[in-house]
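Got the structure open? Let's walk through it together, one piece at a time.

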Amino acid sequence: MTSFLQQAFNGLVSGSFYALLALGLAVIFGMLRVVNFAHGAIYTLGAFGAVWLADSAGLGFWWALLLVPVALAIAGTLAERLLIHRLLALDPLYNFLLTFGIALVCQDLLRMRYGSHSQPYEHAPVTGSFDLGLFEFPRYQVFTLGLSVVVCLAVWLLLTRTRIGTIVRAAIERPELTRAFGIDTGRWVTPVFGFGVGLAALAGVLAAPMRAVNSGMGADLIITVFAVVVIGGLGSVFGSVVAGFTIGMLAALGNLYFPVLSQTSVYLLMAVVLLIRPAGLFGKEEHV
Amino acid sequence: MKQSQAILVTRHLSKDFRGFRAINAVSLRVVAGTVHALVGPNGAGKTTLFNLLTGFLKPTEGHVVVAGHDVTGHSPERIARLGVARSFQVTSLFPKVTAREHVELALQSGTGLGRIFWRTDRLMRRFSDRAVELLDEVGLARLAERPAESLPYGQKRALELAIALALNPKLLLLDEPTAGMGLEDVDRTTALIARVRAGRTVVMVEHNMSVVGSLADTVTVLQRGEVLVEGPYEEVKAEPRVIEAYLGAHVA
Ligand SMILES: Nc1ncnc2c1ncn2[C@@H]1O[C@H](COP(=O)(O)OP(=O)(O)OP(=O)(O)O)[C@@H](O)[C@H]1O
Ligand SMILES: [Mg+2]
């Protein structure tokens with residue numbers, strides 16, 4: 001029972017990274033029909049951004065949490081305007097190659113600068129554990145989980161309670177109908193891309209105090225996140241978040257009971273979901 | 001001011017898809033206040049023409065003029081804001097969104113609310129009375145709170161019409177409004193269009209000849225991307241080339 005709760009908690013913490021990353025991928029895919037293969041690299045840059053701010057400017061975690069996502073969101077906005085946008089009218093393959101290329105360039109630049117060793121980051125805003133007798137929950141992990149839940153809720157409010165959110169949801173679901181309403185959906189393409197990038201960067205900053213910060217950290221994680229997005233339903237914002245937390249937890253529990261499957265459980269789950277619901281759990285299949 | 005009574009004009013409009021000419025030098029003139037039917041066999045280019053008129057496709061050659069404005073190459077949203085509403089051949093609705101909310105969204109898209117960030121319930125209520133009115137007009141008042149995906153097909157089509165009306169269009173483009181409907185729904189839709197045409201111009205793609213006959217002032221027959229014949233229904237119907245190209249298959 002102890003290990004069950006401990007694992008479930010660890011799973012939710014992993015899930016909070018999946019959810020933040022999948023959420024960004026989902027809004028970007030929904031709005032641009034681009035699978036952003038640079039998403040893992042942005043997460044990595046987020047973590048290195050925190051390291052760099054601490055090393056070179058002496059700015060701690062809170063500064064990083066504020067500045068790094070904003071800076072990377074601006075960089076993402078520029079990349080969208082200058083590069084990705086020009087390819088949107090072409091075959092999606094072009095943006096697949098472009099974002100994949102951006103990911104490789106980022107990863108190699110980091111490797112040139114920092115090597116492939118993990119960088120220390122000792123700036124966790126909270127340390128120690130909540131000791132509940134039978135098991136312990138590290139405070140920073142609790143903080144991460146809480147913050148990512150808050151961010152996901154805030155995005156949900158933004159999407160459902162604001163006019164911009166309504167437009168973005170409409171544009172994701174029925175782009176042509178929305179435009180036929182006279183709504184200029186194109187205006188929101190670049191900001192949504194920047195927003196998704198900012199979420200990935202935020203996840204990266206959150207990871208810095210608790211994960212090994214190295215140039216490969218995003219590449220490993222993002223493959224799981226792609227599986228999460230597919231399970232949740234490509235382009236389904238709600239599905240991506242739910243699937244993120246659920247899969248984080250299921251994978252962790254799977255590890256506990258079926259250690260042999262630890263590397264494959266997520267993909268098995270993906271295969272099963274796709275067999276039963278080809279559009280993913282919350283994806284749309286039929287045309288209404 | 002000779003053109004003043006034409007609300008929609010196309011000049012030598014053409015569209016190529018990778019070398020295949022789907023629309024070839026089509027020059028249309030739609031007179032304000034009329035119902036103009038666009039007929040023709042499958043693949044004639046009717047939907048492509050609609051997409052050119054509404055900015056969803058850019059013409060390879062030629063011009064589109066709406067209410068005196070040259071809108072060639074303009075975006076769909078810009079053309080929509082000139083008072084052009086369209087429906088799609090394949091029903092296009094937000095599956096989980098209720099009928100009333102669809103109409104509300106269309107109503108508010110036409111207002112200056114663009115700068116209001118927070119969508120309060122009070123703000124939305126301003127539109128809900130008008131939304132229910134419009135739904136009533138198309139016979140959907142009872143189903144206002146149902147999500148679109150749960151509506152029967154005929155009602156989905158009616159909802160699309162209510163949405164188009166919510167945009168308060170001068171020019172209403174309907175792509176096969178009665179396709180796939182049972183007799184009863186066809187009659188209801190025909191009566192509905194007859195009612196909502198007042199004060200508007202309607203261009204409709206329609207395969208059902210009795211619908212065309214009862215609604216259309218002018219009929220344009222398209223074949224392989226070109227205008228075959230144009231004129232009043234009775235004349236067009238009697239035209240041997242039309243009977244051969246199109247009506248034959250349906251009427252005989
Ligand atoms: N996006 C596209 N790319 C390539 N070819 C297209 C495209 N859209 C339409 N076509 C082709 O153009 C021709 C006209 O198609 P369109 O859909 O306009 O016909 P239609 O008159 O609306 O037919 P239907 O009665 O079946 O709806 C067809 O041969 C079709 O295959
Ligand atoms: Mg068609």
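Start in chain A, where helix 2 (residues 39-57) packs against helix 8 (residues 189-207) at an angle of about 50°, the two axes lying 7 Å apart. That angle makes helix 2 of chain A oblique to helix 8 of chain A, and the crossing is right-handed. Keep in mind that this is a predicted model.

Stay with helix 2 of chain A for a moment. Its 19 residues reach 26 Å from the first C-alpha to the last, close to the 27 Å expected at 1.5 Å a residue. Of those 19 residues, 14 are buried, so helix 2 of chain A is largely enclosed by the rest of the structure. Right after helix 2 of chain A comes A:G58, with a positive phi near 65°.

Now look at another helix pair in chain A: helix 9 (residues 217-232) and helix 11 (residues 265-276). Their axes come within 10 Å and cross at roughly 20°. With an angle under 35 degrees, helix 9 of chain A counts as roughly parallel to helix 11 of chain A. The crossing of helix 9 of chain A past helix 11 of chain A is left-handed.

For a surface position, try A:A154, which sits in helix 5 (residues 139-161) of chain A. Is A:A154 buried or exposed? It has 10 other C-beta atoms within 10 Å, so A:A154 is exposed. Measure across to A:A54 on your screen: A:A154 and A:A54 are 100 residues apart in sequence, and their C-alpha atoms are 28 Å apart in space.

Over to chain B and ligand 1. The shell around ligand 1 includes B:F17, B:A22 and B:Q89, along with B:G43, B:A44, B:G45, B:K46, B:T47 and B:T48. By type, the shell around ligand 1 divides into three nonpolar, seven polar and one charged residue. Which element gives the most to this shell? That would be helix 1 (residues 46-53) of chain B, with three residues.

Finally, check a couple of backbone angles in chain B. Most residues other than glycine have a negative phi. B:A67 is not a glycine, yet its phi is positive, about 45°. You'll find B:A67 in the loop between strand 5 (61-66) and strand 6 (69-70) of chain B, and with 17 C-beta neighbours inside 10 Å it counts as partly exposed. B:N168 also has a positive phi without being a glycine, about 50°. B:N168 lies in the loop between helix 5 (153-166) and strand 8 (171-175) of chain B, and is partly exposed, with 13 other C-beta atoms within 10 Å.

Methods. Residues are numbered from 1 along each chain as its sequence is written. Chains are lettered from A and ligands numbered from 1 in the order in which they are written. This is a predicted model: local features need pLDDT of at least 70, side-chain atom pairs count only at pLDDT 80 or more; totals for chains, interfaces and linings use all residues. A residue is near a molecule or strand if its C-beta atom, placed from the backbone, lies within 6 Å of it. Helices (H or I, at least four residues) and strands (E, at least two) are DSSP runs, numbered from the N terminus. Ala, Val, Leu, Ile, Met, Phe, Trp, Tyr, Cys and Pro count as nonpolar, Asp, Glu, Lys and Arg as charged, and the others, Gly among them, as polar. The expected span of a helix is 1.5 Å times one less than its number of residues. A residue is buried if 20 or more other C-beta atoms lie within 10 Å of its own, exposed if 12 or fewer, and partly exposed in between; C-beta atoms are placed from the backbone. Axes are lines fitted to C-alpha atoms, for helices over the stretch in contact, and angles run from 0 to 180 degrees between N-to-C directions. Angles under 35 degrees count as roughly parallel, over 145 as roughly antiparallel, 65 to 115 as roughly perpendicular and the rest as oblique. A crossing is left-handed if the near helix is turned anticlockwise from the far one by less than a right angle, and right-handed if clockwise.
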